[in-house]
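Student: I am new to this structure and would like a close look at a single part of it. Could you take me through the second largest pocket and what surrounds it?

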Amino acid sequence: MKRINIDPSKCVGCRICEITCSFHHFGVFSHELSNCNIDSEDALGNFTPLICIQCEERSCVHSCPVEALSIDPVTGAVRCDHDKCIKCGLCIKACDHKGIGFIMLDGEDRIAVCDLCGGDPKCVKRCFIKAITFEDDDAVCDKENSL
Amino acid sequence: MLPLLPVTILHVNLTSKEIRVEEFDDIDVIKKFCGGRGLAGYLYLTRYDLTLDAFDERQPIIYATGVLTGTTLPSSGRTSVIFKSPATHRFFKTNVGGHFGGELKAAGYDLIIVEGRAEHPVYIDICDDRVSIEDARKYWGMDNRQINNAIRSEKKDEKVQLTTIGQAGENKVLFSSIHTSIYNAAGRGGGGAVMGNKNLKAIAVRGHKGVKVAQPERFISAADSLWEKACNNVGVQGLSMYGTSIGLAFSNSMETLPSYNFQTGYCDGADNLSGPAMVNSGLVERRMGCYCCPVGCHRYSVVKDGQYKGSYTGGPEYETLSAFGSGIGITDPRTVVKANEYCSLYGMDTISCGHMIQWLIECKEHGLITDEQAGVKLEWGNDETVVELTRMIAMREGIGDLLAKGTKLASEEMGGDSYKWAVQAKGLEQSRVETRSTFAYALAFAINSRGPDHLNSECLAERGGSKEAISLIKRITGSEKYAVSTNTEKRADIVRWHEDVYALGDSCGICAFPTTAQHWMDEFDIAEVLSAASGLELTSDEVMLMGRRTITLERLCCALLGYTRDDDILPYRLMNEFSPSKRENSGDNSTEMLERMKDDYYRLHGWDMERGWPKKETLEMLGMGELIPVVSKTITLP
């Protein structure tokens with residue numbers, strides 16, 4: 001299975017991933033309505049893409065008290081059943097990667113997490129600099145181990 | 001909100017403290033001038049009095065995001081800042097990248113027009129529909145990095161985007177710049193001083209809305225294909241890897257790198273300043289990208305050793321490396337980074353600031369000033385002198401007070417022959433382009449309404465440096481043979497096309513690299529994305545006419561202020577002193593050559609030959625007849 005891989009050292013902070021995501025999911029270019037975020041420290045030239053990386057731990061899923069979160073058996077993406085979600089935010093606290101968060105949709109908070117666009121993530125296609133890639137699990141693990 | 005329909009304008013009057021929002025929906029004007037730079041110019045000319053002094057509080061400053069800023073169109077995140085320049089005393093358009101424009105769009109605004117002068121330092125705070133004027137007395141005296149940190153801390157929100165001025169703007173240095181995202185500068189023309197004069201330290205923006213387009217599928221299809229074009233473009237890859245100074249060493253080898261205040265085109269050792277050299281030495285730490293740009297040509301550099309260890313800044317860009325490097329005989333890029341850091345923090349145009357130092361060194365060589373009078377050792381290649389003078393200019397300390405006035409005024413005060421090495425025209429110091437071997441550039445710089453500067457046209461294609469460039473020149477002129485920069489034929493056609501597309505790009509928020517420098521986005525592409533975004537069906541001819549009208553309107557602003565073709569000149573040195581390069585037929589920009597090209601250019605535009613002013617019939621033909629009575633109170637048009 002493929003996973004999202006992030007290389008912050010490559011990110012130029014252009015935010016194309018954010019508004020590509022919002023357009024694909026909500027039909028609007030908005031960095032607020034996005035499943036990914038760039039953590040920007042422009043004074044020091046540091047930019048970090050924050051997006052679910054389909055980690056092994058899946059702390060968010062385990063932390064959910066109402067089983068609103070699950071794993072898509074086909075893509076491996078975290079899914080949220082918004083009807084079940086009680087917006088407690090425990091999943092956000094549980095995630096070490098800052099890959100899950102709230103967005104404000106139609107005046108209401110809602111959990112936002114990468115759904116891999118059904119297996120073909122649009123942000124990855126747009127990331128010219130290859131700070132966000134979509135790779136086989138083994139390749140990602142090798143990179144993580146080498147760090 | 002949809003792009004163009006309507007254009008949402010935030011008005012802030014710092015004197016009366018009035019804040020109001022205008023929905024500009026005059027479709028006739030929008031179809032003629034587009035939004036952004038084009039519309040801002042139209043509003044300036046029709047609503048404000050351009051003849052007032054640049055520091056008169058009634059003069060507005062307009063922040064105009066591009067029409068397509070905030071969308072996924074590649075390289076579309078730019079903002080024009082428009083004001084009357086205290087350096088040139090002309091209508092002045094400047095343009096900046098970074099992330100301010102995208103955030104302003106997300107807050108729901110296309111333009112901000114600021115008038116008046118606050119009683120004490122203030123900043124404008126915008127969070128979506130909530131807009132206020134806030135006390136900035138405690139922030140006065142801060143540099144651009146400090147003010148960004150301070151306001152973000154105050155708001156407890158790291159995502160606030162700001163446009164700010166540093167100490168140079170507060171001190172009304174006549175080439176002080178306006179910054180976004182700390183290190184991106186609307187550098188030229190002294191906009192920082194205009195903000196400083198208004199007591200406006202910053203505009204802080206946070207936007208939670210978004211941008212929609214009229215025809216989403218059509219838009220995304222067009223934008224996606226432009227992304228593919230960009231990503232497969234060899235020029236984009238090179239620029240992304242090595243930044244704007246990628247070709248510096250090549251220019252040096254061709255003897256076209258302005259060096260020693262434009263006395264030569266070669267500087268021994270300047271190859272150290274090239275993009276590849278700075279990347280390989282580890283000085284450039286990483287790339288930075290403007291809003292939604294696939295190129296990321298902006299740099300972030302850190303000095304890791306030597307006397308300037310610990311300095312860090314965005315940049316340095318090509319212009320800075322030539323202005324503070326080869327222009328002064330400095331070949332250590334760490335020194336350029338230090339001077340660049342000061343310009344980033346204090347907020348100064350690196351082109352003009354570097355030039356002031358070059359000019360002063362020549363003043364000493366000609367016996368007009370001594371080291372004792374200057375307070376520094378004036379000589380080529382002295383690292384400490386460059387860094388110290390840069391600081392003194394920003395703070396207006398000692399000789400810095402004279403240099404802060406720009407070369408035009410400073411050479412008048414210095415006297416003697418110092419005007420001969422003041423490489424300025426119209427009050428603006430020339431960009432780092434050797435126009436004596438690139439003649440479309442020479443014409444473009446001479447007729448540019450803001451001064452001898454590349455950011456109104458950027459006629460790179462005339463050099464025929466790539467297949468795309470040659471094919472563009474053929475499309476404009478009918479033949480590939482004109483893709484030679486020392487040819488004087490067809491330069492008017494080349495310049496006019498570049499000006500039109502440049503103005504259109506500015507209005508849309510599109511950077512110059514896709515359109516005029518790397519040729520992966522043309523007027524057909526822009527017509528398609530603009531149509532899909534706005535829902536207005538626009539042809540390539542119609543969008544190019546938007547650019548043409550913008551250029552014509554800005555020319556009309558020059559005419560209104562009494563400027564004529566006699567003012568369309570290049571700096572003395574370039575017109576009167578010979579500089580050989582390895583390009584054939586290069587040498588100087590003689591009056592005879594320039595006047596002939598100017599004739600061609602005015603004729604092509606339908607402007608009169610005597611003054612270079614737009615004729616009434618030309619304005620009528622362009623659908624700009626309504627502007628004739630606007631200027632006729634002051635001047636009589638031909």
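Tutor: Before the lining can be divided into classes, a convention is needed: Ala, Val, Leu, Ile, Met, Phe, Trp, Tyr, Cys and Pro count as nonpolar, Asp, Glu, Lys and Arg as charged, and the others, Gly among them, as polar. The model is a predicted one, and in it the second largest pocket has a volume of about 850 Å³. This pocket is lined by 45 residues, and those closest to its centre are Arg15(A), His31(A), Glu32(A), Asn37(A) and Lys159(B). Two or more lining residues come from each of the chain A elements β2 (37-41), β3 (46-50), β6 (100-105) and β7 (108-113), and β6(A) gives the most, with six residues. Chain B takes part as well, since the lining draws at least three residues from each of its domain 1 (7-206) and domain 2 (241-429). Under the convention above, the lining residues divide into 16 nonpolar, 17 polar and 12 charged.

One of the strands named here, β2 of chain A, also leads to a helix: the buried residues of α1(A) pack against β2, α4 (122-126) and β8 (132-136) of chain A, together with α7 (216-231) of chain B. Helix α1 of chain A spans residues 16-26, and because eight of its 11 residues are buried, it is largely enclosed by the rest of the structure. The buried residues are Ile16(A), Cys17(A), Glu18(A), Ile19(A), Thr20(A), Cys21(A), Ser22(A) and Phe23(A). Just after this helix, Gly27(A) takes a positive phi of about 70°.

Definitions and conventions
Residues are numbered from 1 along each chain as its sequence is written. Chains are lettered from A and ligands numbered from 1 in the order in which they are written. This is a predicted model: local features need pLDDT of at least 70, side-chain atom pairs count only at pLDDT 80 or more; totals for chains, interfaces and linings use all residues. Side-chain values use heavy atoms; hydrogens and water are left out. On a 1 Å grid over the protein atoms alone, a cavity is a set of points where a 1.4 Å probe fits but cannot get out, and a pocket is an open set with protein on both sides within 12 Å along at least five of seven lines; lining residues have an atom within 4 Å of a point. Grid points are joined across faces, edges and corners, and a volume is the space filled by probe spheres set on the points. Helices (H or I, at least four residues) and strands (E, at least two) are DSSP runs, numbered from the N terminus. Domain bounds come from an automatic or database domain assignment. Buried means under 20% relative accessible area, exposed over 50%, partly exposed in between (1.4 Å probe, protein chains only). Contact means heavy atoms within 4.5 Å.
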